[in-house]
Amino acid sequence: MAGATTLAAATEVLKEVYEDPMRDQIQSEAITLKRIEQTSEGVSEDVGGKYVTFPLRVRRNHGIGARRENEPLPTPRTQKYAKATLELAYLYGAVSLTGQSLKLAEKKPQSFVSLLEQEVTGLKEGLVKDVNRQVYGSSLGILCTIPAGTAGFTHTVSSTQYLEPGMVIDVLDSAGGVLKVEEAIIDSINTTTLAVTFNKSFTSANSDILTRWRNYGKEKIGFQEVIDDDSTVYGISPSVEPLWKSVVNHNGGTPRAISEGLMIKVTDDIRTNGGKTTVIFTSLGVRRSYFNLLVQQRRYHDTTEFAGGFKGLKFTTDNGDIPLISDFDAPNKTMWFTNEDELKLYQADDWSFMDYDGSKWQRVITAEGNFDAYEAMYHKYCQLGTHRRNSHGRIDDVAEATG
């Protein structure tokens, strides 16, 4: 047949029709990601990977003072700086088609476009959900835990919020050092009892953790690390630099009712640090708790519209109104007070298909043999960064409304 080969035609369709729409789709559907500036500024390549480094001012120059006549003047002193180093995380999404499917690009181009659209749309949805989830997590990639160990195909987990049927997961011990089960597939989920059934039988122990397959310790940094008051992030520890920590208000693990006084206290503490809260992210249940609080005070219309067309409940302070936005991927019982001016998603490039060898489609070859099938791999190298960790805060242990 004259003209382009099947594989070349498929590559062109993937490039011209789907690469740009996928990028735009990801930006528009992830609520929290849409609020975070994305930039390639400062990304450099060094031995072992891609990094972003920037200086932080952690001490003032205190060579100042008041003196009486003819007394020694203040001794000159200097400001102090620390260097933050962010290693980019490498995120991927794969789509696969058989050789027979690819043949449609040659014989029935419209049918091929329809088939590819179904596959790519599914990939979009998975990437949107997973990357937005990672914003709230940590680089460890923990999806949930198994509070009480047992043996068998079914295990009760701490939360099913980030689990879906068909998800491929690993089970590790609580410290993450021992891989107990690899590449187990979730068959079914009971969201009421929190029982999850897998395609493999295994014995779990108390506090075992679940991650996506081979993701442990490889995901991008999220709010659990950035908006914290004692963990080391970007190579800087609060024990060394006391200003390098967020405002955290907790109740020792015991849920308590939300109050405007508690919320004002956190925004005031952030303001004392020199920051300003621009948006509050929280779970659906905590948002309902805050709404119920407004209803009790007969404030039924405290909503505001912010950039991107999103609307949220309004939290009023003497420093301005702050939108409170619910995100499905936000962890339960927590309110995240963020300063968006101090958050950036550093990236080497935006989402794109890998084609370093000239083709987006690669033949599937495994230990089991060669296959009449081809894969295309979507990738993005990125990392969440903040220049002022103390301009963010969170409230833990917030009671969630059930109705």
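1. Start at one residue pair. I146 stands opposite D208, a residue of strand 11. Keep in mind that this is a predicted model.

2. Now widen the view to the two strands. Strand 11 covers residues 208-212, and its pairing with strand 6 is antiparallel, over four bridges. In general, the strands of a sheet pair through backbone hydrogen bonds.

3. Next, the whole sheet. Six strands form an open sheet in the order 6-11-8-9-10-7, and the pairing is antiparallel. Two strands sit at the edges: strand 6 (142-146) and strand 7 (151-156). Each of them pairs on one side only. From one strand to the next, the twist averages 35 degrees.

4. Turn to the interior. The largest nonpolar core has 46 residues. Which of its members touch the most others? They are F223 and Y234.

5. Several elements feed this core. Among those supplying at least two residues each are strand 3 (49-59), strand 4 (80-87) and strand 5 (89-98). Helix 5 (109-136) and helix 6 (223-226) do so too. So do strand 13 (279-282), strand 18 (343-347) and strand 21 (369-386). Which element gives the most? Helix 5 does, with seven residues.

6. F223 deserves a closer look. Set aside its neighbours within four places in sequence. The remaining contacts of F223 include V135, Y136 and G137. Further along the chain, F223 also meets F281, W336, T338, L343 and L384. T32 is another of its contacts.

7. There is another core, lying apart from the one that holds F223. This other core has 19 residues. M263, V286, F315 and V398 are among them.

8. Consider the protein as a whole. It has eight helices and 22 strands. Of its 403 residues, 46% are buried. Take the contacts with a separation of 6 or more: 75% of them join residues 24 or more positions apart. The accessible surface comes to about 20400 Å². Carbon and sulfur atoms hold 49% of that surface.

9. Last, the confidence. The pLDDT averages 84 over the protein, and 84% of the residues score at least 70. Where does the pLDDT drop below 50? One such stretch is residues 1-6, which has eight contacts in the model beyond near neighbours in sequence. Residues 22-29 also have a pLDDT below 50. On the same basis, beyond near neighbours in sequence, residues 22-29 have 21 contacts in the model.

Methods
Residues numbered from 1 in each chain as written. Predicted model: local features only at pLDDT ≥ 70, side-chain atom pairs only at ≥ 80, totals over all residues. Heavy atoms only, no water. Core = buried A, V, L, I, M, F, W, Y, C linked by side-chain atoms within 4.5 Å. Buried < 20%, exposed > 50% of the residue type's maximum accessible area, 1.4 Å probe, protein only. Contact = heavy atoms within 4.5 Å. Pairing = 2+ DSSP bridges. Axes fitted to C-alpha atoms, helices over the stretch in contact; angles between N-to-C directions. pLDDT = per-residue confidence, 0-100. Areas by Shrake-Rupley, 256 points an atom, 1.4 Å probe, with all protein chains shown as cover.
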